[in-house]
Amino acid sequence: MRVTNHLRRSLRATGVLIVGIGTSLLAASVLLLGLAVAVLCLVGIGIALLPWYLRLLRLVANVERRRLKLPYPSNEPGIGHDDSRRELYWLGVHATWGLLLGVFGLQAGVNAVRELTFPLWWYLLPPEGATVFNGIVYLNTWPQAWLATLLGVVWAAVWIVVIPRLPDLQHKYAERLLSSSDDLLRQVEHLTTTRAAALDAHAVELRRIERALHDGAQNRLVGVTMLSGAARQALHSDPRQAERILERLQSGAEEALAELRSVVRSILPPVLEDRGLDGALRTLAAESSVPCTVRCSVGRSPAGVEATIYFVVAEALTNTAKHSEAGRAWVEVTQLDELLQIRIGDNGAGGARAEDGTGLAGIKRRVEAHDGRVEIHSAAGQGTTIEAEIPCG
């Protein structure tokens, strides 16, 4: 299954890079046209062509925005506009660096297939046609043909391991250069909102810890202090009464210690460190009053991300046990590139909403604090499904 996933990612990345070659060639054509317009500006003719050229540049940049699902700018292109200037920078980068990335991705796949299958067909070609490594090396014997297969293994490894990362490189410089000023403002607003939500979630967590310490461990420790004073007073006058008080004191101390351990576990569960995310989620499922299955196919992630997933699943399973009347529940955690995808569902009554104060609002705050997103599907009578995505890069 893992090999199939790697092959699928490489095929998808190769397809993206092939399309990128087309947009790179289009960018190169417009770049050459821009150089011609710049030369004509020296004699005054190109100045009249600049508005037309900037509109053409915007059209080509919007083709790339559509390919990479980036928002379009709302303003008109113009000389000195920030968006037009960054589109011009993108044109030069994509016509050169983008074209190299696309050609390398395509060449790696073609070379892998060619060299791996070389022993099957090399003898059918004339001597000058039996070549590998882009026509540089001529092979005319069977031992050389099998050596070509080893070269094909290297190309295949490059295609599987390296090529899936190349579309991200194209996307990063395009996102940096083609994001409009309006889009940057929306990103700032989104980051401001998510950081405020993170601070609110942090404050709520501190209040919960303070309340747990005050109502639990602190009260029990006060009781232990009072019992120790009573035991000291009764030690000489009534030793048997002092013994009974000491037994109660020991029980109170043990309960206070259990309360403290519970609070510590709620901050960052030790099971995450000991057994990883998969083991921690299976522990939650085993402790749930609703039968729950877990499928977790991810490796280790940053501690904050793992803790968020743990508390999201814990809160969701608590809601399921309290409100859903479900007969079974399930948890799935998978990874797609640099996204962790979490899916928690049950077959209960449904009808849950984040506005009802059932903990779903807290789940959204926790996930959005990591620049993630949450979708809740809970039609009446059709159970509840929580789908979340959290970046893990």
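Is Arg86 buried, partly exposed or exposed? In this predicted model, Arg86 is buried, because its relative accessibility is 11%, below the 20% limit for that label.

**View 1. Arg86 has a salt-bridge partner in Asp83.** Let's stay with Arg86 for a moment. The closest N and O atoms of Arg86 and Asp83 are 2.8 Å apart. Both residues sit in helix α3, which covers residues 82–116. Because they are three residues apart in that helix, about one helical turn separates them. Asp83 is buried too, with a relative accessible area of just 3%. As a bit of background, side chains of opposite charge can pair when their charged atoms come close.

**View 2. Helix α2 has a salt bridge between Glu64 and Arg67.** Here the closest N and O atoms are 2.8 Å apart. Glu64 and Arg67 are three residues apart in helix α2, so about one helical turn lies between them. How much of Glu64 is accessible? Its relative accessible area is 1%, which means that Glu64 counts as buried.

**View 3. Arg282 and Asp278 form a salt bridge in helix α9.** The closest N and O atoms of this pair are 3.0 Å apart. Helix α9 runs over residues 270–287, and because the two partners are four residues apart in it, they are separated by about one helical turn. Both ends of the bridge are partly exposed: Arg282 has 39% relative accessibility, and Asp278 has a relative accessible area of 27%.

**View 4. Three residues share a network of salt bridges.** Look for Arg58, Arg65 and Glu87, which are linked together. Across the whole structure, a search finds nine salt bridges.

**View 5. Tyr310 and Phe311 make the one aromatic pair in the structure.** How are the two rings arranged, stacked or edge-to-face? They are edge-to-face, with 85° between the planes and 5.6 Å from centre to centre. The label fits because planes over 60 degrees apart count as edge-to-face. Tyr310 is buried, at 12% relative accessible area, and Phe311 is buried as well, at 16%.

**View 6. Glu306 is a buried residue in helix α10.** This helix spans residues 303–324. Glu306 has 3% relative accessibility. Which residues does Glu306 touch, leaving aside those up to four places away in sequence? The list is Leu272, Leu277, Gly299, Arg300 and Ser301.

**View 7. Gln218 and Ala256 are 7.6 Å apart in space, C-alpha to C-alpha.** Along the sequence, 38 residues separate them. Gln218 belongs to helix α7, residues 181–237, and is partly exposed, with a relative accessible area of 40%.

**View 8. Eight side chains' worth of names make up a nonpolar surface patch: Leu33, Val39, Leu40, Leu42, Val43, Ile45, Leu49 and Trp52.** The patch has an area of about 770 Å². Helices α1 (2–41) and α2 (45–68) each supply at least two of its residues. Leu33 is found in α1 and is partly exposed, at 32% relative accessibility.

**View 9. Zooming out, the protein chain has eleven helices and seven strands.** Of its 393 residues, 38% are buried. The accessible surface comes to about 22,600 Å², and carbon and sulfur atoms account for 62% of that. Among contacts between residues at least 6 apart in sequence, 67% join residues at least 24 apart.

Technical notes
Residues are numbered from 1 along each chain as its sequence is written. This is a predicted model: local features need pLDDT of at least 70, side-chain atom pairs count only at pLDDT 80 or more; totals for chains, interfaces and linings use all residues. Side-chain values use heavy atoms; hydrogens and water are left out. Rings of Phe, Tyr and Trp (its six-membered ring) pair if their centres lie within 6.5 Å; planes under 30 degrees apart count as stacked, over 60 as edge-to-face and the rest as tilted. Buried means under 20% relative accessible area, exposed over 50%, partly exposed in between (1.4 Å probe, protein chains only). Patches are made of residues with over 30% relative accessible area and no salt bridge: like charges are joined within 9 Å, nonpolar side chains (Val, Leu, Ile, Met, Phe, Trp, Tyr) within 5 Å. Accessible areas come from the Shrake-Rupley method with a 1.4 Å probe; for residues, only the protein chains shown count as cover. A salt bridge is a side-chain nitrogen of Lys or Arg within 4 Å of a carboxyl oxygen of Asp or Glu. Contact means heavy atoms within 4.5 Å.
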